[in-house]
Amino acid sequence: EPPRAGARCAPRADPVPAPASPGVVREGAPRNVVRAHLAAVGPATRADTADWTGQTVGALLPGFLALADELVELRGPNGETLFDLSDAPRPPAAVAAPVRFLPKWDSLLLAHKRRTRVISDEHRKVVIRKNGDVMETVTSDGFVAGSWGVTSKRGVATLTLTPFVALPKQVAAALEEEGGRLLRFLAPDAKDFAFELLPTLP
């Protein structure tokens, strides 16, 4: 069983390769794009990778075939075939993903064709605006659970969280703890810090 979406979302650790000739770039592009997508947000379907890149599944198929020896196939909750890098970490589905604060335009919200893996259709309409803008969000167990923002007034940096669903006490406490670390990163010169949990969105 594949892990929950959002259980793995980390930057690549390998160094950026030196520029190659145009012919080599074109030949290796599908493979590199597929590998980068799966490294960041796998497991994913071929349609997920195509949607993320704006390419067709057919255009990226050579990349999947070229990586055949490096990939594993998993079965999704609706019977769909998911691909992932064979050496990628895959926590068991029963392991809850930690709370996360995602910035505007985070790829997790845009990297899957079926975005209900990480956000409900109802909340997607709130988070992804009609003009294409994407709000800052928080996730609980790999699923979008609210939005957040930071304001600063008179030397006090305040992180405000608007839940989309009722948050269990332990989740709210984890968000406050993680939010405190985020505040100190975003506003290192603030004299004080505050966390404000607003009422759940109607």
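These are my notebook entries on a few features that I looked up in this structure, which is a predicted model.

**Entry 1: the sheet**

I began with the strands, and I found an open sheet of 5 strands in the order E3-E4-E5-E6-E7, with mixed pairing. Its edge strands are E3 (100–102) and E7 (192–197), each of which pairs on one side only. Direction ignored, neighbouring strands of this sheet are turned by 25° against each other on average. I reminded myself that strands of a sheet pair through backbone hydrogen bonds, either parallel or antiparallel. For E3 and strand E4 (residues 137–140) I noted the antiparallel case, with 3 bridges joining the two. Looking across from E3 to E4, I saw that Arg100 stands opposite Thr139 in E4.

**Entry 2: the loop before E3**

Next I went to Ala97, which is found in the loop between strand E2 (81–85) and E3. Is Ala97 buried or exposed? I put Ala97 down as buried because its relative accessibility is 9%, and the limit for that word is under 20%. I also compared its place in sequence with its place in space: Ala97 and Phe143 are 46 residues apart along the chain, while their C-alpha atoms are 8.8 Å apart.

**Entry 3: two sides of helix H3**

I then turned to helix H3 (residues 57–66), where Leu60, Gly63 and Phe64 are buried. Why do I say that these buried residues line one face of the helix? Seen down the axis of H3, they fall within an arc of 100°, and therefore they share one face. On the other side of H3 I found Gly58 and Leu65, which are exposed.

**Entry 4: salt bridges**

I counted 9 salt bridges in the model, and I looked at some of them one by one.

The pair Arg117 and Asp48 has its closest N and O atoms 3.6 Å apart. This salt bridge links distant parts of the chain, since Arg117 lies in the loop between E3 and helix H4 (121–127) and Asp48 lies in helix H2 (residues 46–53), 69 residues apart. Arg117 has a relative accessible area of 17%, so I recorded it as buried. Asp48, at 3% relative accessibility, is buried as well.

In another salt bridge the side chains of Asp84 and Arg90 meet at 3.2 Å, N to O. Here I wrote down Asp84 as buried, because its relative accessibility is 0%, whereas Arg90 counts as partly exposed at 30%.

In helix H5 (residues 169–186) I looked at Arg181 and Glu178, which are 3 residues apart and so are separated by about one helical turn. Their salt bridge has its closest N and O atoms 2.6 Å apart. Arg181 is partly exposed, with a relative accessible area of 48%, and Glu178 is partly exposed too, with 22%. I added that Glu177, Glu178 and Arg181 are linked in a network of salt bridges.

**Entry 5: a nonpolar patch**

Last, I asked which residues form a nonpolar patch on the surface. They are Val150, Phe185 and Leu186, and together they have about 300 Å² of accessible area. I traced Val150 to strand E5 (residues 143–153). Val150 has 33% relative accessibility, so I entered it as partly exposed.

Key:
Residues numbered from 1 in each chain as written. Predicted model: local features only at pLDDT ≥ 70, side-chain atom pairs only at ≥ 80, totals over all residues. Heavy atoms only, no water. Buried < 20%, exposed > 50% of the residue type's maximum accessible area, 1.4 Å probe, protein only. Helix = DSSP H or I, 4+ residues; strand = E, 2+ residues; numbered from the N terminus. Arc of directions from axis to C-beta. Patch = residues over 30% accessible without salt bridge, like charges linked within 9 Å, V, L, I, M, F, W, Y side chains within 5 Å. Areas by Shrake-Rupley, 256 points an atom, 1.4 Å probe, with all protein chains shown as cover. Salt bridge = Lys/Arg side-chain N within 4 Å of Asp/Glu carboxyl O. Pairing = 2+ DSSP bridges. Axes fitted to C-alpha atoms, helices over the stretch in contact; angles between N-to-C directions.
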